[in-house]
Amino acid sequence: QDRNRTGAGVHALQLCPQVLAEKRSLGSRDGPPHLVVLVPLHTRAVAHDTLRLLQSQDSAVVRVDEGRAGGFALLCPRLKQRWRFVTAQAGDLHAVLDLAKVADSLLFILDPADGWDSAGEHCLSCLFAQGLPSYALAVPGGTDLPPKKRIDARKKLTKAIEKRFPEAKLFPLNTEQESLLLLRQLATQKQRHLAFRDRRAHLLAYAAEFVPSQESDLVGTLKVSGFVRGQTLDVNSLVHIVGHGDFQMSQVDAPPDPLSLNPRVVKGQKRSQDMEVQDDSVNGTDEMEEDVKVLMKADPNKQESLQSEVVPDPMEGEQTWPTEEELQEAEASLKANRRVVKVPKGTSKYQAAWIVDDGEEGNQEDDDDDDGDDDIDDMMEEAVSQEGESSEEEEEPAEEECETMTVSECLRDDQYDEKVEEDGQMLERYKQERMDEMFPDEVDTPRDVPARVRFQKYRGLKSFRTSPWDPKENLPRDYARIFQFQDFSRTRKHLFRQIEKEETEGASVGWYVTLHVCNVPVSVMESFKEGKPLLLFSLLPHEQKMSVLNFLVRRHPSNSEPVRAKEELIFHCGFRRFRASPLFSQHTSADKHKLERFLRPDAALVVTVYAPITFPPASVLLFKQRSNGMHDLIATGSLLSVDPDRIVIKRLVLSGHPFKIFTKTAVVRYMFFNREDVMWFKPVELRTKWGRRGHIKEPLGTHGHMKCHFDGQLKSQDTVLLNLYKRVFPKWTYDPHVPEPVPWVRNDESALLVQEVEME
């Protein structure tokens, strides 16, 4: 035991320097500035007062304003620390989620009386589902209340936050001393890691410049400046601009650090408060050209390609003219497949081809039919043994017997179908009775279209769990456009192992660099000028390619509206967001998964879409856009796998009613409406709601009645079911451009917002 304790202590001592080095590098001279995002959670919680109070530190703190970006940089050479504060626009869901992807700490601004409102609750739900970095709770204001009411309000607020933040501490923010305590908490608290960003280099734009291309002013090179975070940035890799798409880089520069702790550097690059960051970067380009160093340029031989889809060849797999060897093999197979049967004298080859052997007939007919076949064979043997009779005399008895059998069967069908006209009225009654039950996957058999035509793409399975299904069978054309891994888990482990062990050449974490991103639309720069955050994430190998992604999600309790499969939803997956029409299926350990027509609130489901490859872990948020433009959070979860071979099966249940019940047989009606459909679905196994199993024995009449055999006697109130299955695939509706949501409002203002949108 002492030896174990000693080993554990040594291991802990080995981990402490790593944790300590990580904490010291954040916000230091060698690391990126400590990025703090202010998130107001109430309409009365104003971030401007908080920013003004944080700036009012002692003379040792240097402040650098960032213009209309809504934040500032706080430099403290004495403590060798630097912070960057950015304010998320109130109600802008995309801005809050994007800034939380790259933030080191979140500073929630609460109201001293209510804490947060409905919009703040929605924002917290999204942030917790996406992944929450380190955070702190600040409560400015409340000094105008009497001391007793102030204490009561604080107790009430502390009790209210226990559910969301069980171990959080409230920081009042009314004086300079309290702001200093808050800064100390932000600098010393334990950092929480988000897996999807720790394995990728990412950058929050501090300044940007757009250089139009020679061909068009709408597309050009975007020069984005910021601090590298996460991992080393390679110029040959692709970058994803959040909300805009994937792009290539041509060059990485190293301009002077605008937030350096060296006062001389800060003085040389001091900016006016009245000028925007974007304008400063454009105007100051010529002045800093002599100080800019080119770190690296892209190598065309090593640069990642932007190809996201496979271009299928329409001539691939076409039928060609057979070769001589193939013709010889076909002729040999025909000779091998020839069979010898006993036929009467005078029978032609064409007539002999229609004579069925005992083995072939026995697989499809019942015991009574087998006896009839034996009698026919005996008659044929007697006819062969008689040498003196002519072929015409031998054919006449057979024709007479066939006529006699046919007439007797028709007479029996006519007698059986005397009261069929009454079944129509009974059918409508049973339909109304079943409407209240809402049996899953049950559909009504159409009367105007034969069931064998309507359900020709479906098949029966002996067992949904154990019956085989080839994952490469009858694939759609869209599968020719996607990429697939031979072993996705192995590729993922190998890639993450390379990231941890191998050192990548490029811009290290903490460097202030300028990225030259090629072929970027001008709308990206316009969005940055409007004050929206500009984020860049480097892509791992293959993450620009399209495949089939499976997400494991659970319905969010705040939304109860029905969500049907193949309905367009908005996905926030890791650092991406896109629109797609997904499929819903059950989450099981089997090789086949049943399709769910709606997003169920009581179970976790798997969502399947066509989307770019993303290596898990990665969180996912599903939104549904309202008619007024607002986005409702309907489900949250994580990325399960990237697997096009995951089989999603759609089940249809055809139901019938027992008309006459015997010991182990029953006459079932209303499942089919013609004799041919009964014969077509005869091999499929039947089951009942009360657990009986059976099969179709023979059709009765010409209106779909059938004689069925079961493993026990049926009850009169039981229902006979027939299951049919078909593999389904998602629709190719991937769209990387997601419209900006309408800002969330409080409950009492939502009605006014809806009215204004409808009037417009």
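**Exercise 1: an aromatic cluster**

Find which residues form one aromatic cluster with Phe 108 in this predicted model, and work out how the rings of Phe 108 and Tyr 135 are arranged.

*Solution.*
Step 1. Look for the members: Phe 108, Trp 116, Phe 128, Tyr 135 and Phe 165 make up one aromatic cluster.
Step 2. Recall that two aromatic rings are described by the distance of their centres and the angle of their planes.
Step 3. For Phe 108 and Tyr 135, the ring centres are 6.3 Å apart and the planes meet at 55°, so this pair is tilted.
Step 4. Now place the pair in the chain. Phe 108 belongs to strand E5 (residues 105-109) and Tyr 135 to strand E6 (residues 134-139), so the pair ties together parts that are 27 residues apart in sequence.
Step 5. Check the surroundings: Phe 108 and Tyr 135 are buried.

**Exercise 2: the two sides of a helix**

Test whether the length of helix H18 (residues 488-501) fits 1.5 Å a residue, then sort out its buried and exposed residues.

*Solution.*
Step 1. H18 has 14 residues and should span 20 Å; the C-alpha atoms at its ends are 20 Å apart, which agrees.
Step 2. Pick out the buried residues of H18: Phe 488, Leu 495 and Phe 496. They cover an arc of only 95° around the axis, so they lie on the same side of H18.
Step 3. Turn to the other side of H18, where Arg 490, Lys 493, Glu 500 and Lys 501 are exposed.
Step 4. Ask what the buried residues of H18 pack against: strand E25 (631-642).
Step 5. Finish at the N-terminal end of H18, which Asp 487 caps, with a side-chain oxygen 3.4 Å from the backbone nitrogen of Ser 489.

Key
Residues numbered from 1 in each chain as written. Predicted model: local features only at pLDDT ≥ 70, side-chain atom pairs only at ≥ 80, totals over all residues. Heavy atoms only, no water. Helix = DSSP H or I, 4+ residues; strand = E, 2+ residues; numbered from the N terminus. Expected span 1.5 Å × (residues − 1). Buried < 20%, exposed > 50% of the residue type's maximum accessible area, 1.4 Å probe, protein only. Arc of directions from axis to C-beta. Contact = heavy atoms within 4.5 Å. Polar contact = N/O pair within 3.5 Å; in protein donor to acceptor, adjacent residues only side chain to side chain. Phe/Tyr/Trp six-rings, centres within 6.5 Å; stacked < 30°, edge-to-face > 60°.
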